[in-house]
Amino acid sequence: MTQTSERTQQQAVATDGLRVTGVRKSYGPVPVLRDVDLAVPAGALTAVVGRSGCGKTTLLRLIAGFDRPDAGTVTIDGRPVAGPAGVLSPEARRIGYVTQEGNLFPHLTVAANIAFGLPRRARRARGRVLELLELIGLDAGHAKRYPHELSGGQQQRVALARALAPEPGILLLDEPFSSLDVELRESTRRAVADALAAAGTTTVLVTHDQTEALSLATRVAVMRDGRIVQEASPAELYRHPVDRGVAAFVGDVVVLPATVCGGVAQCALGGLPVAAPAAEGPATVLLRPEQIALDGGDDGVPAHVVDVEYYGHDAVVRLTLGAACQVTARCPGYALPAVGAQVRLAVRGEVGVETGLG
Amino acid sequence: MSTGVAAAIRPRVGSRRAYPPVRLAAAVVVAALTLIPLGYVLVFVIAEGPAQAAELLLRPRVGELLRNTSALVAAGCAASAVVGTGAAWLVERTSLPGRPVWTALMAAPLAVPAFVNSYGWVSVTAAVEGFAGAVLITTLSYYPLVYLPVTAVLRGMDPAFEELSRTLGNGPWRTFFRVVLPQLRPALLGGVLLVGLHLLAEFGALQALRFPTFTTAIYDQFESTFNGAAATMLAGVLVLGCLLLLVGELRLAGRARVSRVGGGAARTAVPHRLGALTPFALLAMAALAGLALGVPLVILGRWLVVGSSTAFPIGQITEITLTSIGFGLAGAALTCVLAVPGAWLSVRHRGWVSRVLERSTYIAGSLPGIVVALAFVTLAVGYLPVVYQTSILLVAAYAVLFMPRAMVSLRAALAQVPPELDDSARALGARPSGVLWRVTLPLVLRGLGTGAALVFLAVVTELTATLLLAPTGTATLATEFWSNSSSLAYGAAAPYALMMIVISAPAAWLLTRESRREMGRA
């Protein structure tokens, strides 16, 4: 009784999700996190992406309380859990945690796994377990099975149900789909996304898979060398990356030297409108291959098709413009040019610009 | 593509191909040899009939033995479980300082036979005689049998399980009991089973501590009156005790799987901070190491240096040491050779036949040395007097007793040699004998060495069967040590204990190196 009233009280006081401020962490002389700031609004799903070794898993472990930060604070639902005043142990943080392997307790059935984090009396009642099985899209017959009797995708879904059962304030997902094979990954991802949307839990997803981040998350934070270099909505991040590194990390990118003048970048593809105000002078333009269309008409830039990589739904076309300039375009699979053909290029939409030393 | 090819080949590993007749026959003969003691006891008990059995067993003396034996097994198993698991957890999962030292020290008591340990204590104080002393000393000698498997599991256990339990609202203690302990259960039960079997079989230590159990009673019965019937009937009860332990362990181990689900390498665990408890933990570990290892070694050293009865008959010591080494080598060689057909069948031809053959050697190996010796003596006297009072009989008994040690190592090694290698070698023109010599043998040599070292160690410190079976006038280090210390000539006994430890050292070193290599690979 007291526990539930405490919970409702907490939810009433603060519903501001997760806030990480100025967090630093080193292992020995090696700095792993340098001044990380991250805010996840209540109910949102923020993906933290980066290459392996960028510090994203360390960040997650600090939020969970498995490790303590050297400096900075972590606040969950308005309650400081790590900071100058001390650190709260993991069991007192009301978090849900799903690992890469799921790590279902091998000695317990699916039902007992899901009920693991519930108060002793609630563990007996089957209601909550069945509710969660339904949430993750498994039928009640699975309740009595042991983890090794489930497929990898089912294990991951049960791991999610186990994490959600005690109604955590925040859910932490550590590359939960990376150990699954491609087909299973797709379907499990969809099941998890549906379950999370239904539960409405504040979530941090750590992954190195940018398509996973873009398709699942409401916000995406890109980490590099222990820092968050950009935090934005998926569309914003894809369309307006802060630099070439971020651009290349979240998708394919075409990079061309240019000169900026009056909001227009002059390059081998002609004058292109710049998305954000940029300094005048020499610069580098960044655009996506799918922005380049091959049906440019008479005033398009002439190009020569070198090579076509066909993927069915679309194709990547390598083109040369004049002598030394090569670009790639992505065009729909139903309208392919022949290798060796002459085409005329047009650029759709705005482009990004990186000034300074290109 | 490649998975398809692998799938096409794989079924051959456990295929239903016909058993190769020669190897099958060899394995059956070996299994029959190992089942002789059990068969002898069963046949005897059944032949005697219930009336005779009741007359021999329904005596107050047997009641006392039953009480003593079961109390010792229960208390010794419980104490070893607590001490072994506690030590393993402190070493593997906490911030206890000096971890490499403790790792080495905690397993070391296995190198000191229980009867040497009890000698150390008894030669100093009579206070250890009786039940409490027996539990104390057998626990100090046998807790590593729990410590080692539990350590292995703790080291391999993914720390993510503990972390997840913490995020689900459990503190460190609740996490230990709800997550760690259940995963340790098979290893813990396996270790406790071994402790129980050792306690049922223990003779030297309990005799020295004047705590009679079935094993010591069988020996006394046999020595004093050569009363075969009474001794064999007691052996029947002892065998029943062993079988009860084996079945109990199987039942308790349950169906839940405890290996990690899913692939990938486990992270190393963040150790639990002991903080203010560090001195207490260090004190407890030091006390354990001191009692289990320090006391017997210091007392042994003292007897060697200042013992008034210490004579150092170098010629005799050398001769007996060479005898022990000879028995150790012969035992190791015979055991390994006999284990080959069964191990090979159980790896290459999985099926009920090979499983029965393999298991039968384990059952024989878990019988006490006294039962095996009793069966061999009685049968040799009755049916094969040529081998009675020869070394052949003793070495055969060693092979029966220690077969599981060779079997386990060989099995593990053979499992590493995929049958596809045989096929490749055959395709390259090698004959079957050539395959064995040029491919299989080099690959299993290391496992064979491990098995041989294990058997050698066991033979060198074996006391009970050696006392009954060694030809008259032949002494080993263990029996010479025993006869001196049981006639209170503690100083005269000391050099033989020392030599036992000295000749065990190379094999023990080999095994430690081997287990480090295993860890490095895991």
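A crossing of two helices counts as right-handed if the near helix is turned clockwise from the far one by less than a right angle, and as left-handed if the turn is anticlockwise. Keep that in mind for a helix pair in chain B of this model, which is a predicted one.

The pair is helix 3 and helix 9 of chain B, and their crossing is right-handed. Two numbers help here, since packed helices are described by the angle between their axes and the distance between the axes. For helix 3 and helix 9 of chain B, the angle is about 135° and the axes lie 9 Å apart. Angles over 145 degrees would count as roughly antiparallel and those from 65 to 115 as roughly perpendicular, so helix 3 of chain B ends up oblique to helix 9 of chain B.

Now look at the second largest pocket, where both helices turn up again. Helix 3 (60–93) and helix 9 (172–201) of chain B each give at least two residues to its lining, and so do helix 8 (160–167) and helix 13 (278–306) of that chain. Helix 3 of chain B provides the largest share, 9 residues.

The pocket itself has a volume of about 1200 Å³, and 43 residues line it. To find its centre on screen, look for Trp89(B), Arg93(B), Pro172(B), His272(B) and Arg273(B), the lining residues nearest to it. What is the lining made of, by class? It has 28 nonpolar residues, along with 9 charged and 6 polar ones.

Over in chain A, there's a domain split to notice: domain 1 covers 2–239 and domain 2 covers 256–355. Taken over C-alpha atoms, the centres of these two domains of chain A are 40 Å apart.

Terms used
Residues numbered from 1 in each chain as written. Chains lettered and ligands numbered in written order. Predicted model: local features only at pLDDT ≥ 70, side-chain atom pairs only at ≥ 80, totals over all residues. Heavy atoms only, no water. 1 Å grid on protein atoms, 1.4 Å probe; cavity = no way out; pocket = protein on both sides within 12 Å on 5 of 7 lines; lining within 4 Å. Points joined across faces, edges and corners; volume = space filled by probe spheres on them. Helix = DSSP H or I, 4+ residues; strand = E, 2+ residues; numbered from the N terminus. Nonpolar A, V, L, I, M, F, W, Y, C, P; charged D, E, K, R; others polar. Domains from an automatic or database assignment. Axes fitted to C-alpha atoms, helices over the stretch in contact; angles between N-to-C directions. Parallel < 35°, antiparallel > 145°, perpendicular 65-115°, else oblique.
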